[in-house]
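This report describes one protein model, with attention to its sheets, its helix packing, its nonpolar cores and a few backbone details.

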Amino acid sequence: MKKNHLLLMAAALAIPGIASAAKFSVESIEPPHWWTGMSNTSLQLQVHGRDVRDAVPEINYPGVTIDSVARLDGSANWQYIYLSVSPEAKPGTLKITWKDGKNKAVKNYGLRARVKNGGAQGFSSDDVLYMIMPDRFADGDPANNDGKGMRFPVKADRNEVNGRHGGDLKGIMNHIDYIDSLGVTAVWLNPVLENDMPGGSYHGYATTNYYKVDPRFGSNADYKALTDSLHSRGIKVVMDMIFNHSGSEHPWANDMPSKDWINFGGEYTQTNHKLMSLSDPYASEYDKKMTRDGWFVREMPDLNQLNPHLMKYLTQNSLWWIEEVGIDGIRMDTYPYADGQAMGKWISELEQEYPDFTIVGECWFAEPAIEAQWQRGAKTKAEGFDSNLPVVMDFPLMLKVQGLKMFNEQTSEWAGGLFNLYTHFAMDNIYADPQRLLRFLDNHDTDRVLLAEPKNLDAWKQAVTMLATVPGIPQLYYGTELLMSGDRKPGDGNVRRDVPGGFPGDKTDEFTRAGRSAMQNEAYDYMSNLLQWRKTSEAARRGAMKHFSPNNGLYLYKRYTDDAAEHVVVAMNGTDSPIEVDMSRYAETIVPGSKWRNVLTGEVITLVPENGAKVTFPARAAFVLAPAE
């Protein structure tokens, strides 16, 4: 009889709902806290703990009620509580009690007063973004380099080009003067969230905790302090996020909340990288599925954005960082690899809560015709394909300027050199809004725009001049102003080098004039003067553009405001020799005899002489001209 009783107990414990009578625990709640006064009154709490799934939560707090509890078909260690936080709810601490039979757990949860709009300003063509890889910029706190307290405490080792080097948020904080003097108006940091991975994941793209800054970079408080300090200088902050995948050491990866939380049931299946299939009118469903649902690498499990509980979690995470830190924008990594419909809804929800917020997505395509389809309001798109992404990245331009090839080739009337630049911008009409294109020369995933140390700055100056004066949002990669060079052939770390002077023991300090070479100072000064001037020019930031096809090697374009109150002319000689140009063809947009001042040198010239005289442009010269009178 006793034996039969034990068998009955074992059978009962195997039945869902009865099994939860065993002792459970509540180990964490995410988000860690929330705010009253949010437009969306629905709040999801992800509860993690041993066998917590079937416990029954209770809340008794004015203005807060439990709408539902989601108990998914995966691990019993997850529970999703959906709360309604009414507009009448006041800031305070609410108590959540879970009961399961005789077992009970209690946790306090904070509701805070909302900061109106979270401080989010958004970014636009008024701005210049400066992209920083925190691990490689500067080490302000060597004490955090050993990863103490982490599961995988990978120590910093600057001799390992593809390992952690020790840069952190305090290092960036220590060099805000340098960033500010450069003339940029926004800082985009590669991901700063915890990457507690065996390899160290110094780049930040394998998240293991969505609510915690990686301790080797600092703390959440350090991130907030840095953001506040940048804001005090009028510099915005763009946060790099990844919704397509997590790190393989995230708790979800080995203990999935539901069977479909990770694509292909959590089994590693490689993506085919056929991104064009997503907007291809003839694409097979197989190709599209393998693109969206396949994994980048084994260490990055591919998340299923079609799971509504997962997508709610990720959306709230974005809202949390906007409100908690005051970030102004998000750069979303590998945007097309995530589900387009779910990502479009994510954008709408963020814009509903923060109307001025800006999102740019990484859509890596070589052809403008494909890139343009991913921008909101695309003029031409495949049937049934409709992206809600406000800002896309001009990868086609980046691919054309790599190695400064077009700025070193000879420009003719029909081919080569700056003619390729002309034809690129001639295709801007396919974009819904060219002013919302992020233009860039290079970034952490590409070869440096300088493949090797330059012998002179002529081509480099033309590239930087172009970037700062064409329609769109310019983005610079840290070190460009210091003439950092390199390609990815030895490994990604070769294009993610440390800034000399940012780390203890460095023999030179390139953050200072004394530590830079004469050519580096020339480059830094050129970029700084150009970007500081750009802040003052509405035409360069927001104006319309008219350009002329290259003639005798000269590429010339004009930026001007709608009311024609301001004009800026950019002229570049795309040849290795001085050229004499008959400027009469430019009288269409430049008044003959008018005087123009080079905003970088102060030199005054007559751009279109009244007597038909030719104008000489030095070899590889770049002129940025504003009316002198």
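The text below goes through the strands and helices and then turns to single residues.

The model is predicted, not experimental.

**The open sheet**

An open sheet is built from four strands in the order E2-E8-E7-E4, and its pairing is mixed. Strand E2 (33–36) and strand E4 (56–59) form the edges, each pairing on one side only. Neighbouring strands here are turned by 35° against each other on average, with direction ignored. E2 runs parallel to strand E8 (residues 103–113), and four bridges join the two. Within this pair, Trp34 has Leu111 of E8 as its bridge partner. Helix H8 (residues 308–325) packs on the sheet and touches E2 and E8; the direction of H8 makes about 70° with that of E2.

Ahead of E2, the loop that follows strand E1 (28–30) and leads to E2 contains Pro31. The peptide bond from Glu30 to Pro31 is cis, with omega near 0°. Most peptide bonds are trans. Ser28 is located in strand E1. Leaving out residues up to four places away in sequence, Ser28 touches Gln46, Val47 and His48. Ser28 has 29% relative accessibility and therefore counts as partly exposed. Between Ser28 and Ile262 there are 21 Å in space, C-alpha to C-alpha, and the two are 234 residues apart in sequence.

**The barrel**

A closed barrel of eight strands runs E9-E10-E13-E14-E15-E16-E17-E18, with parallel pairing. From one strand to the next, the twist averages 25°. One of the pairs in this barrel is E14 (residues 329–332) with E15 (residues 358–361), parallel over four bridges. Arg331 stands opposite Val360 in E15.

Three strand pairs, with one pair of facing residues in each, are set out here.

| Strand pair | Sense | Bridges | Facing residues |
|---|---|---|---|
| E2 and E8 | parallel | four | Trp34 and Leu111 |
| E14 and E15 | parallel | four | Arg331 and Val360 |
| E22 and E25 | antiparallel | four | Glu580 and Thr616 |

**Helices H8 and H9**

H8 also meets helix H9 (residues 340–353): their axes come within 10 Å and cross at roughly 35°. The crossing of H8 and H9 is right-handed. On the H8 side the contact is made by Met311, Thr315, Ser318, Leu319 and Ile322, and on the H9 side by Ala342, Met343, Trp346, Glu349, Leu350 and Glu353. By class, this contact of H8 with H9 has seven nonpolar, two polar and two charged residues.

**The nonpolar cores**

Which residues have the most contacts inside the largest nonpolar core? They are Phe137, Tyr223, Trp346 and Met466, in a core of 162 residues. H8 gives the most to this core, with nine residues. Trp346 thus appears both in this core and in the contact of H8 with H9. In soluble globular proteins, nonpolar side chains tend to be buried together.

Tyr223 is in contact with Leu169, Leu189, Val192, Val213, Val237, Met239, Trp321, Val325 and Ile327, leaving aside its neighbours within four places in sequence. A second, separate core has 19 residues, including Leu556, Ile579, Val581 and Trp596.

**Strands E22 and E25**

Strand E22 (residues 579–582) and E25 run antiparallel and are joined by four bridges. Glu580 has Thr616 in E25 as its bridge partner. In strand E25 (residues 614–617) the side chains alternate. Val615 and Phe617 point to one face and are buried, while Lys614 and Thr616 point to the other and are not. Such alternation between the two faces of the sheet is what a regular strand shows.

**Positive phi values**

Most residues other than glycine have a negative phi. Two residues depart from this pattern.

Thr334, in the loop between E14 and H9, has a phi near 40°, a positive value in a residue other than glycine. Is Thr334 buried or exposed? Thr334 counts as buried, because its relative accessibility is 5% and the cut-off for buried is under 20%.

Ala564 likewise has a positive phi, near 60°. Ala564 lies in the loop between strand E20 (554–560) and strand E21 (567–573). The relative accessibility of Ala564 is 41%, so this residue counts as partly exposed.

Terms used
Residues are numbered from 1 along each chain as its sequence is written. This is a predicted model: local features need pLDDT of at least 70, side-chain atom pairs count only at pLDDT 80 or more; totals for chains, interfaces and linings use all residues. Side-chain values use heavy atoms; hydrogens and water are left out. Two strands pair if DSSP finds at least two bridges between them. Axes are lines fitted to C-alpha atoms, for helices over the stretch in contact, and angles run from 0 to 180 degrees between N-to-C directions. Contact means heavy atoms within 4.5 Å. A crossing is left-handed if the near helix is turned anticlockwise from the far one by less than a right angle, and right-handed if clockwise. Ala, Val, Leu, Ile, Met, Phe, Trp, Tyr, Cys and Pro count as nonpolar, Asp, Glu, Lys and Arg as charged, and the others, Gly among them, as polar. A nonpolar core is a set of buried Ala, Val, Leu, Ile, Met, Phe, Trp, Tyr and Cys residues joined through side-chain atoms within 4.5 Å. Buried means under 20% relative accessible area, exposed over 50%, partly exposed in between (1.4 Å probe, protein chains only).
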